[in-house]
Amino acid sequence: MKDVLLEADRLSVRFGGLLAVSEFSLKMSRYELVGLIGPNGAGKTTIFNLLTGVYRPSSGRLSFRGRPLDGLPPHRIAREGIARTFQNIRIFKDLSVLDNVRIAGGPGLRYGLRHVVFEPAVAAEEKELLDRSLALLAIFGLDGRRDEQAKNLSYGNQRRLEIARALATRPSLLLLDEPAAGLNVAEALGLMDTIVRIRDEFHLAVLLIEHNMEVVMGICERIVVLNYGRTIAEGSPAAVQANPAVIAAYLGEAVDAGAGQGDAS
């Protein structure tokens, strides 16, 4: 694969006697849009936690841009250029919509008035951060609500805010964990367009967990299917839809994928 961005090589993780993910491998190239799907409990969010340092693999290797990520904590992996959203929305609900994005975009900036007045370079950097934050909010139609507390947004807008905040970290790879969850049909269709737009405009790769098959099949170039922590299929949307193992997994028929294995994601 040309221009490999992310490489997961036979990642496995155990929780006590439970093998939650078994020898998961994935290569992603720059600008690729990949879906990660599977029934509830298949191990999808566990894999996101492995890729972002929340969990450490029991075995296997992980690299990003050719550099090993093994053992790095989440904040270091974020600095390398991997950002994520969560299955359960995690925003700063008591802060303003704008501050949610601005904090993510400038963790190293000094915001004190003294620095802004007496250090023009800092003032310019703060202005650039503000402009970028507002531009991100505009993409998601939230710029007009910049001063509202995040907790007052609708569920769908909180989802959008979380994605905007992830983009503020300037990632090369964006992991989206069920971004269409709780959205109505019109909102889900709009989200499809937005995901493709941000991939193209920000020149990044996207790995997407999603149960809404219309979203997955509509925008993903390649799909990886999990069941009981194992990869059971990988390929184009059309190939995955026609795969007997995938059909069996979703219909609840018996599949030889390691009985008794699984996780809570």
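This short report looks at confidence, salt bridges, a hairpin and a surface patch in one chain.

The model is predicted. Its pLDDT averages 88 over the chain, and 87% of the residues score at least 70. Two stretches deserve some caution: pLDDT stays under 50 over residues 108-114, which have twelve contacts beyond four places in sequence, and also over residues 254-264, which have 25 such contacts.

Let's turn to the charged pairs. The structure holds 15 salt bridges, and the table shows three of them.

| Pair | N to O distance | Relative accessible area |
|---|---|---|
| Glutamate 80 and arginine 67 | 2.9 Å | 18% and 40% |
| Arginine 84 and aspartate 177 | 3.9 Å | 12% and 0% |
| Lysine 151 and aspartate 94 | 3.1 Å | 41% and 54% |

Arginine 84 forms its salt bridge with aspartate 177, linking strand S6 (residues 82-84) to strand S7 (residues 173-177) across 93 residues. Arginine 84 is buried, and aspartate 177 counts as buried too. In the salt bridge of lysine 151 with aspartate 94, lysine 151 sits in the loop between helices H5 and H6 and aspartate 94 in the loop between S6 and helix H3, so the pair ties together parts 57 residues apart in sequence. Here lysine 151 is partly exposed, while aspartate 94 is exposed. Elsewhere, a network of salt bridges links Glu32, Arg222 and Glu234.

Next comes the hairpin. Strands S9 (residues 222-227) and S10 (residues 230-235) pair in the antiparallel sense over five bridges, with leucine 226 partnered by threonine 231 in S10. Two residues separate the strands, and tyrosine 228 in the turn has a positive phi of about 50°.

Finally, Phe15, Leu18, Val54 and Tyr55 form a nonpolar surface patch with about 310 Å² of accessible area together. Tyrosine 55 lies in the loop between helix H1 and strand S4 and is partly exposed at 31%.

Technical notes
Residues are numbered from 1 along each chain as its sequence is written. This is a predicted model: local features need pLDDT of at least 70, side-chain atom pairs count only at pLDDT 80 or more; totals for chains, interfaces and linings use all residues. Side-chain values use heavy atoms; hydrogens and water are left out. Patches are made of residues with over 30% relative accessible area and no salt bridge: like charges are joined within 9 Å, nonpolar side chains (Val, Leu, Ile, Met, Phe, Trp, Tyr) within 5 Å. Accessible areas come from the Shrake-Rupley method with a 1.4 Å probe; for residues, only the protein chains shown count as cover. A salt bridge is a side-chain nitrogen of Lys or Arg within 4 Å of a carboxyl oxygen of Asp or Glu. Helices (H or I, at least four residues) and strands (E, at least two) are DSSP runs, numbered from the N terminus. Buried means under 20% relative accessible area, exposed over 50%, partly exposed in between (1.4 Å probe, protein chains only). Two strands pair if DSSP finds at least two bridges between them. pLDDT is the predictor's confidence in each residue, from 0 to 100. Contact means heavy atoms within 4.5 Å.
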